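Open the structure in your viewer, choose a cartoon display, and keep the sequence panel beside it. The tour below goes from stop to stop, telling you what to select and what to look for there.

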Amino acid sequence: MSAFPNELEQEYRSAFDFFDEKQRIVEQPAKKGQPIQPTHPGQLSPRTMRVLMRSLGEDAADNELTSMCSSGGLCDVNGFLSNRRAKWERAHCIDTVKEAFRCFDEDDSGLINAEAVKDALVRYGDRLAPNEADEFVREANGSGGRFNYNQFSEQLLQKQ
């Protein structure tokens, strides 16, 4: 798998810094003639994090925001970047799994033959025992001997 692109990390870091600066201005407006005193420099409130995520085209669930934030309830750039990196890696992993299954999709329908997959799992690469290959295909919930590999790829990676 390729590494998280440096350009993407810089883009996310810049977005975080932008919202950090905006949050400081909103949280504690300066009195006339006084500089802004940041309350939590380098940390964003969950509310601001939600706005940041929306600006990136995503609607962060509460549990995702919680995972990015420290026990004090504030989110720092490292937690944010860790979340972005994990999401990027998961997306690229899904693409890799789908590409591996795609070679079994003879008619480009998104459905693949379960028996062909079982045979490949037993014969090639990190071989599975026949009963393990049966279990793998059974989990795909194939009907008529075929299953949707796009949906199954998503299911596989949700288990991780």
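Select C103 to begin: this cysteine counts as exposed, because its relative accessibility is 60%, where exposed means over 50% relative accessible area, buried means under 20%, and partly exposed lies in between, using a 1.4 Å probe and protein chains only. Add C93 to the selection, and you have a cysteine that counts as partly exposed, at 22% relative accessibility.

Before going further, you should know that this is a predicted model, in which local features need pLDDT of at least 70 and side-chain atom pairs count only at pLDDT 80 or more, while totals for chains, interfaces and linings use all residues. Residues are numbered from 1 along each chain as its sequence is written, and side-chain values use heavy atoms, with hydrogens and water left out.

**The whole chain**

Now show everything and colour the model by pLDDT, which is the predictor's confidence in each residue, from 0 to 100. The average for the protein is 81, and 83% of the residues score at least 70. Among the elements, the highest mean, 90, belongs to strand β2 (residues 75-76), whereas helix α7 (residues 149-158) has the lowest, 80.

If you switch to colouring by secondary structure, you should find seven helices and four strands; here helices (H or I, at least four residues) and strands (E, at least two) are DSSP runs, numbered from the N terminus. Followed from the N terminus, these elements come in the order α-β-α-α-β-α-β-α-α-β-α. Of the 160 residues, 31% count as buried.

**The disulfide and strand β1**

Which cysteine is joined to C69 by a disulfide? Select C75 together with C69, and you will see the bond between them, with an S to S distance of 1.9 Å; a disulfide is taken to be a pair of cysteine sulfur atoms within 2.5 Å. A search of the whole structure finds one disulfide. C69 is buried, with a relative accessible area of 15%, and C75 is buried too, at 0%.

Keep C75 in view and add L44, a residue of strand β1 (residues 43-44). The two C-alpha atoms are separated by 5.0 Å, although L44 and C75 are 31 residues apart along the chain. L44 is buried, with a relative accessible area of 0%.

**Two helix pairs**

Select helix α5 (residues 114-123) and helix α6 (residues 130-139), whose axes come within 9 Å and cross at roughly 140 degrees. Axes are lines fitted to C-alpha atoms, for helices over the stretch in contact, and angles run from 0 to 180 degrees between N-to-C directions. On the α5 side the contact, meaning heavy atoms within 4.5 Å, is made by A114, V117, K118, L121 and V122, and on the α6 side by P130, A133, D134, F136 and V137. By class, the contact has eight nonpolar, no polar and two charged residues.

Next, select helix α2 (residues 46-55) with α4, a pair that packs at an angle of about 35 degrees with axes 13 Å apart. Show side chains for M49, L52 and M53 of α2 and for F80, N83 and R84 of α4, which make the contact.

**The loop before β3 and strand β4**

Move to the loop between α4 (77-102) and β3 (111-113), where D108 has its place. The phi angle of D108 is near 55 degrees, a positive value in a residue other than glycine. D108 counts as exposed, at 65% relative accessibility.

Is G110, which lies in the loop between α4 and β3, buried or exposed? G110 is buried, with a relative accessible area of 8%. Its contacts, not counting residues up to four places away in sequence, are D105, F147, N148, Y149 and N150. Select N148 as well, and you can check that the C-alpha atoms of G110 and N148 are separated by 5.5 Å, with their positions 38 residues apart along the chain.

Finish at R146 in strand β4 (residues 146-148), which is partly exposed, with a relative accessible area of 31%. Leaving out residues up to four places away in sequence, R146 touches D107, S109, L111, I112, N113 and A114. R146 and G110 are 9.7 Å apart in space, C-alpha to C-alpha, and 36 residues apart in sequence.

Note on methods: Nonpolar A, V, L, I, M, F, W, Y, C, P; charged D, E, K, R; others polar.
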